[in-house]
Structures are given as C-alpha cells and as structure tokens.
Amino acid sequence: MDERLNKSKLRLLNPITKGILCIIYILMISFFCKNWLVAFNLNLFLILICFYAKEETIELLVSLKKIWFLLLIVGLFQGFVGSSFNIFSCLNAIFKVMGIFLTASLYTRISTQNELLYFWEICFRPLKLFGFSSNELALTMVIAIRFLPVFMNEIERIRIAQIARGAKMKKNMIASAINFMPLLIPVLTQAIMRSEELADAMEVRGYVPNRPRGRYKTYKLNKYDYYSFFIMGIILSLIIYKYIHN
Amino acid sequence: MILFDRVSFCYNEKETSFILKGVSFSLQKGIINGLIGKNGCGKSTLARLIVGLLKPTEGEIQFKEENEDPNAYYFSGMIFQNPDNQIVGTTIGDDIAFGLENLNLPTENIEQLVVKAASLFGFEKMLDMPVSKLSGGQKQMLCIASVLALEPSWIVFDEPTSHLDPWARIEFWNIINYLVDNSNIGIIVISQLPEDIIHFGHISVLNEGCIIFNDSYDVFASLNQPPEGIDFPENIKLQRLLNN
Ligand SMILES: Nc1ncnc2c1ncn2[C@@H]1O[C@H](COP(=O)(O)OP(=O)(O)OP(=O)(O)O)[C@@H](O)[C@H]1O
Ligand SMILES: [Mg+2]
C-alpha cells in the first residue's frame with residue numbers, strides 16, 4: 001500500500017476491472033502489433049492515461065531502467081532479419097516488451113495486495129471443478145505474502161548468527177548460493193514450528209477449513225469502471241481493425 | 001467462572017503418562033489469574049484445554065456466568081508467545097477481520113467491529129498498514145485487538161511478555177489492567193517472569209500434573225516455602241529480608 005495516499009483515479013477502479021484490463025492490454029500488445037507504430041501508440045496511450053490520472057508517471061518510466069539490457073538484447077535479436085538489420089522490427093520488439101513491462105508494473109502499482117488477491121481468487125474459482133477451493137488457495141497466498149518478510153528477517157538473523165560464530169560469507173554468486181545451504185535447515189525447522197502455532201492461532205479464532213466465510217473487503221463497480229471498459233472497447237476494436245486490414 | 005472438574009489429559013491414547021492428573025480448581029473473573037510452574041509441566045496444555053484446542057481425556061471444563069443464560073455461547077481466545085506466528089492478515093484491518101470472517105458475518109458488521117476493536121488500541125487510522133511495518137509491541141497489541149473483536153468471555157495469554165521489550169511490557173500490563181477493570185472478560189496469564197508475577201491477583205501453581213497451589217497473591221507471598229518447582233520473585237524475597 002502506498003502511504004502517500006495516492007488517490008489517482010486508476011486506483012479507484014474495481015480490482016476485477018484492473019485485472020481484466022491489464023490482461024487484455026498485455027494480450028493486445030503481444031498478439032496484435034504487426035507494426036512498430038501500433039506498439040508505440042499503445043505505449044504512448046498507457047503513459048498518457050497515467051499522466052491524466054495523476055499516477056506517478058515519471059517513476060513508472062524510470063523503472064524501465066531495470067530492463068534496459070533486456071530491451072537491448074531483444075531489439076538486436078529481432079532486428080537482424082537474415083543478414084540485414086531492420087530498424088522497424090527492432091523497434092517493434094522493443095516497444096512490445098516495454099509495453100508489457102509498463103502494463104504489468106502499472107497494474108501492481110495501482111493495486112493493493114488485497115485487491116490482487118481478490119482478483120486472483122475470482123480467477124481461481126473454476127478450479128472448484130477439480131476439487132480445489134479458491135478460498136483456501138487465496139488464504140494460502142495471503143499467508144505466504146504475510147510470512148515472506150518474517151522469513152527474510154529470519155534468514156538474516158541466522159546468517160548473522162553464523163557469521164558471528166565464524167562462518168565466512170563470500171561475495172560472489174555461486175559461493176553465496178552454497179553458503180545459503182546451512183541456513184536452510186534452521187529456517188525450515190523454524191517454519192514448521194511457526195506453521196503449527198499459526199494453525200492453532202487460526203483454529204482458536206474460529207477458522208474451519210472449507211466452511212463459508214464472510215468478507216471484510218468488498219468492491220463495487222463505480223462509474224470509472226464503466227468508462228474504462230468503454231475506452232478499452234474502442235481501443236480493442238481499433239487494434240483488431242488495423243490488424244485485419246494490414 | 002471456569003471450573004475444572006477432575007480433568008485429566010494425556011496426548012497419546014496408548015500412553016499412560018498423564019500431563020494433567022484429575023485437576024479440580026476454579027478461576028474467577030475480575031482479577032488477573034496467573035498460572036505458573038516449571039518448564040514442561042503442562043501450562044500450555046492447560047491453556048489449550050481451556051480454549052478448546054484440546055479435549056480433556058477425562059473430566060470436564062465448565063464455564064459459568066452470574067446471570068446465566070443456558071444457551072449462551074462461550075468463546076475463549078488465546079494469545080500465543082510469538083506475535084509473529086499468529087497474525088494471519090497482511091494488513092491490520094485484515095488481521096482483525098479474520099476471526100469475524102470465520103463467523104460468516106455480513107460485510108457491514110465486520111467493518112464496524114473491526115473499527116471498534118482497532119480504536120481500543122489507536123489502530124483505527126492504520127487499518128491499511130502492512131503488518132510487517134509494526135514493532136513487536138504493536139504486533140502484540142494487534143493480536144489482542146484481533147481476539148477482542150470476537151468478544152470472548154475469557155482470554156488466555158501464554159507467556160505473552162517473553163517477546164516484548166521492557167517498555168512494551170509496561171504497555172501490555174496497562175492493557176490487561178484496563179481489561180480487568182472495564183470489561184467482563186476473564187483473564188488468565190501464563191508467565192515465568194518474576195516481574196509478571198507481581199501483577200497477578202490470583203496464582204495457580206502447576207506441578208507434575210497437579211495444581212499444588214491455588215490462592216490469592218497475598219497468600220502466595222506469605223507462604224513459608226515457595227511451592228515445589230518454582231522460586232519466589234525477587235520483590236517478595238526482598239520484602240522478607242526487610243521484615244527480618
Ligand atoms: N503435541 C504434543 N504431543 C505430545 N506431547 C506433547 C505435545 N505438546 C506438549 N507435549 C508434552 O507435554 C508436556 C507439557 O507441555 P506444555 O507445552 O504444556 O508445557 P509448558 O508448561 O507449557 O512448558 P513451557 O514452560 O516450556 O512452555 C511436555 O512434557 C511436552 O513434551
Ligand atoms: Mg508453554
């Protein structure tokens with residue numbers, strides 16, 4: 001959750017809207033861009049929307065820094081067709097990867113953890129046919145997210161304890177992976193002990209697996225959801241039209 | 001009031017080593033009930049029996065209220081040692097809501113009860129704050145808020161102060177004293193620490209499967225010999241030295 005309390009309109013969208021729009025946008029970029037201009041325009045549109053919604057657009061663009069190397073490689077590989085270099089297919093590939101990255105990071109920026117879970121829980125509902133309970137799956141994910149920082153702290157604590165007892169931690173990657181092994185046993189033991197206590201704590205608070213549960217957070221559709229579906233509909237039709245008539 | 005009526009318990013059916021051997025005693029509301037005893041004597045087991053995580057092998061545990069409603073449903077909550085191991089939600093609001101969601105209440109009720117419980121601890125403006133950003137003491141408070149949201153008639157605290165720093169301990173005891181004075185919730189605290197024992201109003205000592213002492217703090221402090229398996233806290237020892 002962002003503590004700056006960013007009230008951009010994108011954040012007000014229903015989690016289902018956010019999820020569906022994000023998926024459609026990524027599919028659109030991946031499969032309907034034959035031409036670099038189309039890919040470029042989709043990127044541009046995304047950035048304009050961010051700007052209009054008063055999202056932190058600059059920060060979003062700066063985050064591209066993380067994948068500059070990937071963009072370069074993809075551009076080079078796609079650019080070489082046979083023996084000559086085609087600048088347009090190079091650009092197309094770059095804008096596609098960039099668009100997917102921007103969409104995904106915008107999605108995680110405008111969604112809280114609860115909203116992500118809410119959406120994925122709904123996506124998992126069809127799994128009921130195979131005997132999985134989407135409720136349980138969602139709760140498992142909540143617990144996983146909840147305990148991630150706890151385990152990171154634990155690993156750090158045990159690592160420091162081992163260094164204090166004379167274990168040497170090397171800097172390079174392979175050596176540090178090997179060094180990680182001795183940490184695994186105590187961390188796993190701790191995890192099992194924790195999970196037993198957590199199961200007890202959940203039971204005391206009335207948790208019974210597979211029993212219907214109430215819901216603390218519910219999300220209603222508001223007018224912005226309808227606007228966004230409408231806009232997305234227009235873009236999708238344009239893109240498909242362009243795809244067919246090209 | 002909680003009444004233990006000849007309660008026996010062993011973990012394994014085949015085993016003959018009983019953790020509790022026909023224990024009978026009672027605990028009252030309106031006072032802090034302390035449960036002490038040496039390591040492994042079965043304090044946590046007793047706590048689990050009270051909250052219903054375990055069922056007595058023999059005997060029974062009864063809950064009685066003054067103006068009794070025979071159909072009343074008694075819920076007992078429990079606070080475990082490590083706050084980190086009992087927080088289920090990723091945010092403060094989610095964790096307080098967890099127990100209420102289990103009761104399958106409608107959303108509006110859950111929201112109201114969450115705010116009510118959160119405001120006891122000043123959490124009402126922080127409902128969306130991730131749990132990972134809380135200090136140890138705040139996590140403990142969150143655990144208590146989450147149990148209080150369920151309106152229990154009893155709460156058992158199993159070594160609640162062992163993960164807290166001294167300042168958080170003071171805060172913890174303030175909360176407990178507040179609950180004893182201002183609510184109808186029965187309080188049982190399991191602790192080994194001498195500085196906790198001075199907060200108890202009533203003390204029960206468990207040793208080798210039996211309750212060997214069950215009386216008020218004053219009677220405990222005036223015993224000639226400490227009950228088997230434990231030692232007097234420093235302040236009682238000091239008092240005696242001064243008196244001699
Ligand atoms: N799940 C279990 N299955 C079998 N035996 C158990 C189980 N849990 C505890 N015991 C045994 O029961 C006895 C009492 O355990 P309990 O945890 O109640 O003691 P305690 O007084 O809380 O100890 P501590 O001071 O260490 O918290 C111990 O001897 C322990 O080995
Ligand atoms: Mg114990």
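So, pLDDT is the predictor's confidence in each residue, on a scale from 0 to 100. I start there since what we have on screen is a predicted model. For chain B the mean pLDDT is 90, and 97% of its residues reach 70 or more. Chain A averages 85, with 93% of its residues scoring at least 70. For the complex, the predictor gives an ipTM of 0.88 and a pTM of 0.82.

Let me stay with confidence in chain A for a moment. Helix α1 of chain A, residues 15–31, has the highest confidence there, at a mean of 93, and strand β1 of chain A, residues 80–81, has the lowest, at 79. Then there's the start of the chain: over residues 1–5 of chain A, pLDDT stays under 50, and the model has seven contacts for that stretch beyond four places in sequence. Where pLDDT is low, the predicted coordinates should not be read in detail.

Okay, helices in chain A. Look at helix α2 of chain A, residues 36–52, and helix α5 of chain A, residues 87–110. Their axes come within 8 Å and cross at roughly 30°. That angle is under 35 degrees, so α2(A) and α5(A) count as roughly parallel to each other. The crossing is left-handed. Who makes the contact? From α2(A), the residues include A:Trp36, A:Phe40, A:Leu46 and A:Ile47, and from α5(A), we have among others A:Phe88, A:Leu91, A:Phe95 and A:Leu102. Sorted by class, the contact has 12 nonpolar, four polar and one charged residues.

Now over to chain B, and its sheets. One is an open sheet of three strands, in the order β2-β1-β4, paired antiparallel. Which strands stand at its edges? Those are β2, residues 20–27, and β4, residues 58–63, of chain B; each has a single partner strand, so one side of each has no neighbour in the sheet. From one strand to the next, the twist averages 15°. Between β1 of chain B, residues 2–9, and β2(B) there are five bridges, and the two run antiparallel. If you want a spot to click on, B:Ile2 stands opposite B:Leu27 in β2(B). Packed on this sheet is helix α1 of chain B, residues 43–51, which touches β1, β2 and β4 of chain B, and its direction makes about 120° with that of β1(B).

The other sheet in chain B has six strands, is also open, and goes β5-β6-β7-β3-β8-β9, with mixed pairing. Its edge strands are β5, residues 76–79, and β9, residues 210–216, of chain B, each pairing on one side only. Ignoring direction, neighbouring strands are turned by 20° against each other on average.

Where does the mix come from? Take β8 of chain B, residues 202–207. With β3 of chain B, residues 32–36, β8(B) pairs in the parallel sense over four bridges, and there B:Leu35 has B:Ser204 as its bridge partner. With β9(B), on the other hand, β8(B) pairs in the antiparallel sense over six bridges. In that pairing, B:Leu206 is matched with B:Ile211. β8(B) and β9(B) form a hairpin with two residues between the strands, and B:Glu208 takes a positive phi near 45° in this hairpin.

Last stop, two helix pairs in chain B. Helix α4 of chain B, residues 136–148, and helix α5 of chain B, residues 166–182, have axes that come within 9 Å and cross at roughly 20°. So α4(B) and α5(B) are roughly parallel too, and their crossing is right-handed. B:Met141, B:Ile144 and B:Leu148 are among the α4(B) residues in the contact, meeting residues of α5(B) that include B:Phe172, B:Ile175 and B:Leu179. By class that contact comes to seven nonpolar, two polar and one charged.

The other pair is helix α2 of chain B, residues 92–102, with helix α3 of chain B, residues 107–119: they pack at about 125°, axes 9 Å apart. That angle makes α2(B) oblique to α3(B). The crossing of α2(B) and α3(B) is right-handed. Among the contact residues are B:Ile96 and B:Leu100 of α2(B), and B:Ile110 and B:Leu113 of α3(B). This contact counts eight nonpolar residues, one polar and one charged.

Methods: Residues are numbered from 1 along each chain as its sequence is written. Chains are lettered from A and ligands numbered from 1 in the order in which they are written. This is a predicted model: local features need pLDDT of at least 70, side-chain atom pairs count only at pLDDT 80 or more; totals for chains, interfaces and linings use all residues. Side-chain values use heavy atoms; hydrogens and water are left out. Contact means heavy atoms within 4.5 Å. Axes are lines fitted to C-alpha atoms, for helices over the stretch in contact, and angles run from 0 to 180 degrees between N-to-C directions. Angles under 35 degrees count as roughly parallel, over 145 as roughly antiparallel, 65 to 115 as roughly perpendicular and the rest as oblique. A crossing is left-handed if the near helix is turned anticlockwise from the far one by less than a right angle, and right-handed if clockwise. Ala, Val, Leu, Ile, Met, Phe, Trp, Tyr, Cys and Pro count as nonpolar, Asp, Glu, Lys and Arg as charged, and the others, Gly among them, as polar. Two strands pair if DSSP finds at least two bridges between them.
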